[in-house]
Amino acid sequence: MSVCGAARCRGAVRRILQQNRAVCSHTSGSTPEGIREKLQAFPGGSVELQKQRDSGVALLTVNNPARMNAFSGSMMLELEQRVRELETWTEGKAVIVQGAAGTFCSGSDLNAVRALANPHDGMKMCEFMQNTLTRLLRLPLISVALVEGRALGGGAELTTACDFRLMTSDGVIQFVHKHMGLVPGWGGAARLVRIVGSQNALKLLSGAKKVDPDTGKQMGLVDEVLHCSSGEGNALSHAERWLGQFIQGPAPVIQAAKRVVVSGRELPLDEALQTERSVFGTVWGGPANLEALALKPKHK
Ligand SMILES: CC[C@@H](C(=O)O)C(=O)SCCNC(=O)CCNC(=O)[C@H](O)C(C)(C)COP(=O)(O)OP(=O)(O)OC[C@H]1O[C@@H](n2cnc3c(N)ncnc32)[C@H](O)[C@@H]1OP(=O)(O)O
């Protein structure tokens, strides 16, 4: 990359980091640090990250099978750490978010929820998770939620923090918050409205409706239904194949595509155009661009 290109790239990265800092200050008013010790007091399970360097696809696995992959406090902290690791993965192209043992995620661990049920702790937890999931959605990687089994409550919210949702035929997404006397607090409502529109979002939240794969596909919540028999890694290999059509080519170009989509999705038009120019500058005259020009391609 030229010196000029590198400077533009740093500018684009700086702008995205500024967006992320804006999320922190907008969603908390203060830092969400106070909640870390409290979350640490609810251990159990893990959030695992496996970076597949050959393909540029990372697997992020929510792993707490004894509780249907519910998020313990320590898992919320681990998720933030994993997202932090992905933010600096310059060779990466995509991330698949999945649950362990054939089911996606049943939301917050109800034991932690009970203990943090006062408004102050609830707000801090919600700020912390909003920040983490906003950063997940803004990663310069194509993100896919692979929904096998159930995605409930916070698990349903997690699916909306990905660019795409793939569902196996046994999958269910359900915003069960109403049954808990709640609304989503991890940013899931704001994202849901943007994905399916306000009419559908209101139906899903006020009715706590179960979304099966076909209904999800009709309303635009589900991008693809994976018809595969259940079994270790079977759905994952289908998901990887589906993802393959979007991640051919060099990582900087894939990351640039994601960055212009994030700015187009989130910023006012003038700022989005400015970011688009900066990101364009990182790929214009870059190795992939020069190689393509030398090949005189025909796009048939
Ligand atoms: C702000 C809150 C909101 C958010 O964060 O956005 C939330 O997410 S609140 C949590 C919302 N989720 C739930 O309310 C899920 C409650 N669980 C269920 O409805 C059912 O367990 C199930 C997920 C539909 C599975 O049912 P089934 O297949 O019949 O299995 P079991 O019920 O026997 O579950 C096995 C085991 O897992 C425990 N479990 C499941 N979910 C949670 C959870 N969210 N927190 C803690 N533990 C959970 C369940 O209690 C069973 O444990 P044992 O009884 O010890 O076997």
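Two strands count as paired here if DSSP finds at least two bridges between them; keep that in mind for the sheet views below, all drawn from a predicted model.

**Figure 1. The whole chain, before we zoom in.** Twelve helices and nine strands make up the secondary structure of the chain. Of its 300 residues, 43% count as buried. Take the contacts between residues at least 6 apart in sequence: 75% of them join residues at least 24 apart. As for the scores, ipTM comes out at 0.98 and pTM at 0.92.

**Figure 2. The three-stranded sheet, with A151 facing I173.** This open sheet runs in the order β5-β7-β8, and its pairing is mixed. At the edges sit β5 and β8 (210-211), each with a single partner strand, so one side of each has no neighbour in the sheet. Zoom in on β5 and β7 (residues 172-174) and you'll find a parallel pair held by three bridges. Within that view, A151 stands opposite I173 in β7.

**Figure 3. The six-stranded sheet from edge to edge.** Here the strands come in the order β1-β2-β3-β4-β6-β9, making an open sheet with mixed pairing. The edge positions go to β1 (46-52) and β9 (224-226), each of which pairs on one side only. Going from one strand to the next, the twist averages 20°. Helix α3 (residues 73-87) lies across β1, β2 and β3, and runs at about 20° to β1.

**Figure 4. The β1-β2 hairpin and its turn.** Four residues separate β1 from β2 in this hairpin. One to pick out in the turn is G56, whose phi is positive, at about 75°. The two strands pair in the antiparallel sense over seven bridges. Two of the facing pairs are worth a look: Q50 stands opposite L59 in β2, and L49 has L60 as its bridge partner in β2. As a reminder for reading views like this one, side chains in a regular strand alternate between the two faces of the sheet.

**Figure 5. Crossing from β2 to β3, by way of L60.** On to the next pair in the sheet. β2 (residues 57-63) and β3 (residues 94-99) run parallel, joined by six bridges. T61 has Q98 as its bridge partner in β3. L60 is the residue to follow across the strands: L49 has L60 as its bridge partner in β2, while L60 in turn has V97 as its partner in β3.

**Figure 6. The shell around the ligand.** Which residues come closest to the ligand? They are A70, G107, S108, G153 and G154, out of 22 residues that surround the ligand. By type, the shell divides into ten nonpolar, eight polar and four charged residues. Three elements each supply at least two shell residues: α4 (110-115), β5 (150-152) and α6 (154-160). The biggest giver is α4, with three residues. Note that β5 turns up here as well as at an edge of the sheet in Figure 2.

**Figure 7. V222, tucked into a loop.** You'll find V222 in the loop between α8 (213-219) and β9. Is V222 buried or exposed? It counts as buried, because 25 C-beta neighbours lie inside 10 Å and the cut-off for buried is 20 or more. Leaving aside residues up to four places away in sequence, V222 touches R165, M167, P213, G216 and K217. For a sense of scale, the C-alpha atoms of V222 and S74 are separated by 29 Å, with their positions 148 residues apart along the chain.

**Figure 8. The parts to read with caution.** On average the chain has a pLDDT of 91, and 88% of the residues score at least 70. Over residues 1-6, though, the pLDDT is below 50, and this stretch has eight contacts in the model beyond near neighbours in sequence. Residues 20-30 also stay under 50, with ten contacts beyond four places in sequence. Where pLDDT is low, the predicted coordinates shouldn't be read in detail.

Terms used: Residues are numbered from 1 along each chain as its sequence is written. This is a predicted model: local features need pLDDT of at least 70, side-chain atom pairs count only at pLDDT 80 or more; totals for chains, interfaces and linings use all residues. A residue is near a molecule or strand if its C-beta atom, placed from the backbone, lies within 6 Å of it. Ala, Val, Leu, Ile, Met, Phe, Trp, Tyr, Cys and Pro count as nonpolar, Asp, Glu, Lys and Arg as charged, and the others, Gly among them, as polar. pLDDT is the predictor's confidence in each residue, from 0 to 100. Two residues are in contact if their C-beta atoms, placed from the backbone, lie within 7 Å. Axes are lines fitted to C-alpha atoms, for helices over the stretch in contact, and angles run from 0 to 180 degrees between N-to-C directions. A residue is buried if 20 or more other C-beta atoms lie within 10 Å of its own, exposed if 12 or fewer, and partly exposed in between; C-beta atoms are placed from the backbone.
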